[in-house]
Every structure is written in structure tokens, then in C-alpha cells.
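This report walks through a single chain and its ligand, beginning with local backbone features and ending with the shell around the ligand. Please keep the sequence and the coordinates at hand while reading.

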Amino acid sequence: MAEPASSPISDATDPDVRREIIETVRRFVAREVIPVASEMEHADRFPAEIVEQMRELGLFGVTIPATYGGLGLDLLTYVGVIEELAYGWMSLTGIINTHTMAATLIMAHGTKEQRERWLPGLASGQPRGALSLSEPDAGSDTRNISCRATRDGDEYVITGTKAWVTNGERAGLVALAARTDEGVSAFIVEKEPGPQFEGIAVSKNVGKLGYRGIETVEMAYSDHRIPAANLIGESGRGLPQILGVLEIGRINIAARAVGVARAAFDAALSYAEQRKTFGKPIGEHQAIQLKLADMATRLQAARLLTRDAAERKAAGLRCDVEAGMAKLFASETALEVATESMRIHGGLGYTTELPVERFYRDAPLMVIGEGTNEIQRLVIARGLMARRRNP
Ligand SMILES: Cc1cc2nc3c(=O)[nH]c(=O)nc-3n(C[C@H](O)[C@H](O)[C@H](O)COP(=O)(O)OP(=O)(O)OC[C@H]3O[C@@H](n4cnc5c(N)ncnc54)[C@H](O)[C@@H]3O)c2cc1C
């Protein structure tokens with residue numbers, strides 16, 4: 001029987017500690033990430049050395065309680081860390097995102113034995129985690145999940161294909177949604193990193209517009225056996241469990257959107273001060289000032305929505321509406337600010353000389369991932385109506 005922790009993530013980190021951690025990550029990003037991000041992204045190269053340094057900084061266990069070897073910090077700190085990483089290179093936040101969601105699923109719905117078994121490793125970043133919900137015919141429509149987990153004595157036998165598994169190849173632990181007799185259930189699949197593992201075939205990284213350097217793969221399971229003890233929570237309750245965890249994913253997406261928008265804005269502001277046309281810096285032309293003002297205002301609103309959602313989630317309050325609003329607004333902001341930054345840079349913004357084109361290619365993912373923005377609007381509207389019926 002599962003023994004969920006009452007609130008799996010700390011709800012209050014000392015503000016000085018929070019500031020110090022975020023500052024440390026900001027310095028790390030300035031020193032180690034920004035100088036190499038565009039080159040690695042263009043080459044679609046996995047940033048192994050940076051990931052190793054992220055492990056050393058404890059970033060794979062930011063929200064995992066200290067009793068399990070994590071940093072035990074609150075979601076506001078997590079949001080700050082994600083914003084800083086995304087400021088340097090958005091892909092790094094994806095390496096942490098589904099890892100953190102897998103850990104949160106175990107923290108919130110796993111038994112004491114399951115938490116003790118998997119959390120210390122996840123906190124150290126070895127193994128790395130992935131979360132596998134989507135399938136070729138089940139993206140927005142999660143009710144359509146067809147990957148099957150059939151009970152056979154002390155084991156479940158997994159058969160089916162999962163799509164879009166970020167971190168899937170390098171992960172050693174996958175939180176998997178699969179159909180059992182009782183409905184969709186959540187499982188932990190342990191594997192060796194790599195393209196093949198006992199009944200699991202991992203396809204090659206799908207080519208992507210942006211969000212490169214991190215693998216997103218298809219995973220085909222054929223009669224892959226896992227211990228029955230790897231079922232998380234109750235059989236048939238997997239969807240609400242995973243959807244609850246997706247709120248952390250949406251807050252992550254909102255925070256990374258803020259990071260990308262901030263990077264695009266800072267680049268635009270700096271360029272507006274340097275570039276001269278018609279005898280003065282373009283930042284002194286009113287048309288550019290209007291853009292900068294709108295960009296900065298949206299960025300600040302996105303950041304506040306993201307922090308509000310993080311605080312509510314950490315306090316154990318219902319936050320489906322708030323996480324949805326933060327993800328929706330921040331991702332649309334990233335898209336808009338990246339586009340405006342490119343315009344402000346003129347022809348240079350369209351070249352690979354500057355990172356602005358990368359921000360422009362990275363931003364659309366956030367409109368799609370963790371539930372598209374069309375689906376976010378449905379989540380927000382349904383949540384508002386549910387609260388009205390049941391305040
Ligand atoms: C780079 C990348 C990484 C990803 N990583 C992961 C991962 O690690 N784990 C994972 O499980 N998934 C992952 N995903 C999958 C992602 O969550 C899905 O792509 C997303 O949920 C959309 O599903 P879909 O692609 O099947 O689109 P569809 O569901 O087919 O939607 C197509 C369009 O129809 C719209 N639509 C669908 N239903 C409705 C409706 N009811 N009302 C209005 N509009 C609707 C959608 O908004 C969209 O515009 C990843 C995706 C990408 C692109």
C-alpha cells in the first residue's frame with residue numbers, strides 16, 4: 001500500500017539559501033554554458049561535461065528531500081534554478097525536467113521501500129530519470145494509451161510503443177504509463193542507458209527544430225518484464241497521479257520560458273543600445289522602445305505567474321489553473337519575445353552569429369510540451385468551473 005508523503009516537496013527554503021543557490025547556478029551558466037551552448041546546439045551534441053557539473057552541483061536532486069540525499073529545496077528555488085539554466089541553454093532544463101517528474105511521482109505515490117530504493121540514486125543524477133506518458137496515438141488524448149502491462153505472477157509484462165521520450169536513451173529509470181486491467185497505471189522501468197535493453201528498443205533521437213543536444217526518442221517494448229513491485233501507487237490510478245506530477249512539469253516549462261524570454265530580451269536591450277541608425281541608437285527610436293516595454297512587461301508578468309504557481313504547488317494547494325496559466329502565458333511570452341528580439345536585431349538576428357536564432361527555435365517547444373497551449377486553456381477553464389461548483 002502506498003504511503004504518500006503529505007507534501008513531497010519542501011514548502012519553505014530560507015530566502016538567503018535560495019538566493020545563494022540561484023546565484024551559484026547563474027555564475028555556473030555564465031562560465032560553463034553560455035560560451036559553448038550555441039556551438040553544441042548546432043552540432044546536436046549531448047553536453048556530457050555540463051551534465052556532470054550539474055550533478056556535482058546537486059541539480060538533479062533540487063526538490064528531493066535531504067533524507068534521500070537531495071538538496072530538499074522548495075519549488076521557488078527550483079523555478080529560479082530552471083530559469084537560470086534556460087537563460088544559458090534551454091535543453092539543460094529538459095534534462096532535469098522529466099527526471100524531476102519521475103522523482104516526484106515516486107515521492108508522492110511510492111511506498112517507503114520504493115522511495116528508499118530509487119530516490120538516493122535520482123538525487124545524485126545516477127541513474128537519470130525519464131517520464132513516458134505519450135504514445136504515437138496518445139499525446140493530448142492520454143485516455144488513448146495502449147501500451148499494455150499484463151500481470152504475470154510477480155511480474156508485469158510490458159508491450160507497446162511510447163513516443164517522444166525525452167532522456168529515454170540515457171535514462172536508467174523510466175516512469176511509464178501503461179494500461180492494466182484496472183485502467184492506466186504508473187510503473188518504474190529500470191534499464192541500462194543505451195539503444196537496446198532486454199525487450200526495449202530505443203529508436204534514434206528524432207530530429208528537432210530546436211531543443212537539440214538532448215535526446216527525444218521512441219521506445220518499443222516487446223514482452224519486457226518488470227517486477228510487480230515496480231507498480232507506483234494503485235493499479236488504475238496512474239493517470240491522475242501522473243497528471244498531478246505534470247503540474248511540476250508545467251511549472252518547469254513556465255520557468256524555462258521565462259529564462260529564454262529573459263535571454264532574448266537582454267540581447268535585444270543590449271543591441272538596441274549599440275546599434276545606430278539615422279544617427280542614433282535604435283533604442284532611441286520610439287518604435288523600438290514600444291517593443292522593449294511590451295517585452296519587459298510580459299516577461300515580468302510571466303515570472304510572477306510562474307512564481308505564484310510554484311508557491312501554491314509547494315504549499316499543497318490546488319494549482320491546476322495556476323500552473324496552466326503560468327505555462328500558457330510564459331510560453332507564449334517566450335515565443336513573442338524571441339520573435340521581437342530577432343526583429344530588433346535586424347538581419348543579424350537571422351544569422352547563426354548570435355544566439356537569438358536559437359531562442360527563436362527553442363521557444364515553440366514550450367507551447368507544445370507538457371500539454372499544448374490549447375489543452376492548457378481547457379485545463380484552466382475546467383478548473384475554474386470546478387472551483388465554482390466546489391469552492
Ligand atoms: C521535443 C518534445 C519532447 C517531448 N518529451 C516528452 C516526454 O519526455 N514525455 C512524454 O510523455 N511526452 C513528451 N512529449 C510529447 C508532448 O507532450 C506531446 O507532443 C503533446 O502533449 C501533444 O501531443 P501530440 O503531439 O500527440 O499532439 P495532438 O494531441 O495530436 O494535438 C495536435 C493538435 O490538436 C490540438 N488538440 C488536440 N486535442 C484538442 C482538444 N481537445 N481541443 C483543442 N485542441 C486540441 C493540439 O493542441 C494540437 O494543436 C514531447 C514532445 C516534444 C515535441
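A residue is taken as buried if 20 or more other C-beta atoms lie within 10 Å of its own, as exposed if 12 or fewer do, and as partly exposed in between. With 22 C-beta neighbours inside 10 Å, tyrosine 211 therefore counts as buried. The structure discussed here is a predicted model.

**Confidence and domains**

The chain has a mean pLDDT of 95, and 98% of its residues reach 70 or more. Over residues 1-6, however, pLDDT stays under 50, and for this stretch the model has 11 contacts beyond four places in sequence. The domain assignment divides the chain into domain 1 (15-127), domain 2 (130-235) and domain 3 (239-389). The centres of domain 2 and domain 3, taken over C-alpha atoms, are separated by 30 Å. Their contact takes 11 residues from domain 2 and 10 residues from domain 3, and the side of domain 2 that touches domain 3 consists, by class, of 7 nonpolar and 4 polar residues, with no charged residues.

**Backbone features in loops**

Most residues other than glycine have a negative phi, and most peptide bonds are trans. Against that background, the following table collects two residues with a positive phi.

| Residue | Phi | Loop | Burial |
|---|---|---|---|
| Aspartate 44 | near 55 degrees | between helix H1 (15-42) and helix H2 (48-56) | partly exposed, 14 other C-beta atoms within 10 Å |
| Tyrosine 211 | about 50 degrees | between strand E7 (200-202) and strand E8 (216-227) | buried, 22 C-beta neighbours inside 10 Å |

Aspartate 44 is classed as partly exposed because 14 other C-beta atoms lie within 10 Å. A further backbone feature is the peptide bond from glutamine 126 to proline 127, which is cis, with omega near 10 degrees; proline 127 is found in the loop between helix H5 (112-124) and strand E1.

**Strand E5 and its partners**

How many of the 8 residues of strand E5 (residues 183-190) are buried? The number is 6, so strand E5 is largely enclosed by the rest of the structure. Strand E4 (residues 173-180) pairs with E5 in the antiparallel sense over 8 bridges, and these two strands form a hairpin with 2 residues between them. Within this pairing, alanine 178 stands opposite serine 185 in E5. E5 also pairs with strand E9 (residues 231-232), again in the antiparallel sense but over 2 bridges, where leucine 231 in E9 is the bridge partner of phenylalanine 187.

**The shell around the ligand**

The ligand is surrounded by 21 residues, of which the closest are Gly139, Ser140, Thr166, Thr372 and Glu374. Two or more residues of the shell come from each of strand E1 (129-132), strand E3 (155-166), helix H9 (356-368) and helix H10 (373-389), and E3 provides the largest share, 3 residues. By class, the shell divides into 8 nonpolar, 10 polar and 3 charged residues.

Where does the ligand lie with respect to domain 2 (130-235) and domain 3 (239-389)? Both domains give residues to the shell, so the ligand lies between them.

Definitions and conventions:
Residues numbered from 1 in each chain as written. Predicted model: local features only at pLDDT ≥ 70, side-chain atom pairs only at ≥ 80, totals over all residues. Helix = DSSP H or I, 4+ residues; strand = E, 2+ residues; numbered from the N terminus. Pairing = 2+ DSSP bridges. Near = placed C-beta within 6 Å. Nonpolar A, V, L, I, M, F, W, Y, C, P; charged D, E, K, R; others polar. Domains from an automatic or database assignment. pLDDT = per-residue confidence, 0-100. Contact = placed C-beta atoms within 7 Å.
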